[in-house]
Amino acid sequence: MDNKREVAVLSELDKKLINLLQHGLPVCERPFAEVAKQVESTEEDVIAQLIDLKERKVLSRFGPMFDAVYLGGAFTLAALAVPEEDFVTVTEQVNSFEQIAHNYRRDHYYNMWFVIGTESKEEIEQVVQGIEEKTGLHVLNVPKLQEFFVGLYLPV
């Protein structure tokens, strides 16, 4: 499977937006208008540019990050060792669960890694069992023991 992509061409506005918004969106009545001031643009252009970046898959997601635990929910990291010939089918099976936040392919014995996010801690085990039943594979459940804040920033 070839995962190579074409390198995105970014305008100066794209770069300013990506750099600025990695630090968060202003909490105010019109956050995109505030961002527009900071990047010397208009609210309409900022919104249009973010839509374009998302459509071109330069941004994989644009939205709030919630800590499920503080909202009463739960999440865990999980993995599967998927036979190569079954990878596409198993991906579809795993992703059919609404509790799957995202899914990654890795070059390792455990070649599929995914995050399960649920409304309760008990639901995690139900989803794990459901995935095992649907795929016929054992789920490696790796719950978080301690959280670390990395503060990753990737200037473009």
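What follows is a conversation between a visitor and a guide about the helices, the sheet and the largest pocket of this predicted model.

Visitor: What kind of model is this, and how are its residues numbered?
Guide: The model is predicted, so local features need pLDDT of at least 70 and side-chain atom pairs count only at pLDDT 80 or more, while totals for chains, interfaces and linings use all residues. Residues are numbered from 1 along each chain as its sequence is written, and side-chain values use heavy atoms, with hydrogens and water left out.

Visitor: Why are α2 and α3 called roughly perpendicular?
Guide: Helix α2 (residues 31-38) and helix α3 (residues 43-55) pack at about 100°, with axes 8 Å apart. Axes are lines fitted to C-alpha atoms, for helices over the stretch in contact, and angles run from 0 to 180 degrees between N-to-C directions. Angles under 35 degrees count as roughly parallel, over 145 as roughly antiparallel, 65 to 115 as roughly perpendicular and the rest as oblique. The pair is therefore roughly perpendicular.

Visitor: Which residues make α2 and α3 meet?
Guide: F32, A33, V35 and A36 of α2 meet E43, V46, I47 and L50 of α3; contact means heavy atoms within 4.5 Å. By class, this contact has seven nonpolar, no polar and one charged residues. Ala, Val, Leu, Ile, Met, Phe, Trp, Tyr, Cys and Pro count as nonpolar, Asp, Glu, Lys and Arg as charged, and the others, Gly among them, as polar.

Visitor: What makes α1 and α3 roughly perpendicular?
Guide: The axes of α1 and α3 come within 10 Å and cross at roughly 90°, and α1 and α3 are therefore roughly perpendicular to each other. L13, D14, L17, I18 and L21 of α1 touch D45, V46, Q49, L50 and L53 of α3.

Visitor: How do you know that β2 and β3 pair?
Guide: Two strands pair if DSSP finds at least two bridges between them. Five bridges join β2 to β3, which run antiparallel, so the definition is met. In one of these, Y104 has W113 in β3 as its bridge partner. The two strands form a hairpin with six residues between them. Helices (H or I, at least four residues) and strands (E, at least two) are DSSP runs, numbered from the N terminus.

Visitor: Why do β2 and β4 stand at the edges?
Guide: The open sheet of four strands has the order β2-β3-β1-β4, with antiparallel pairing. β2 and β4 (140-142) each have a single partner strand, so one side of each is left without a neighbour in the sheet. The twist averages 20° from one strand to the next.

Visitor: How many bridges join β1 to β4?
Guide: Three bridges join these antiparallel strands, and A78 stands opposite N141 in β4. Helix α5 (residues 121-135) packs on the sheet, touching β1, β2, β3 and β4.

Visitor: Which residues that line the largest pocket are the closest to its centre?
Guide: They are S60, R61, M65, H102 and Y104, of 45 lining residues. The lining divides into 27 nonpolar, 13 polar and five charged residues.

How values were computed:
On a 1 Å grid over the protein atoms alone, a cavity is a set of points where a 1.4 Å probe fits but cannot get out, and a pocket is an open set with protein on both sides within 12 Å along at least five of seven lines; lining residues have an atom within 4 Å of a point.
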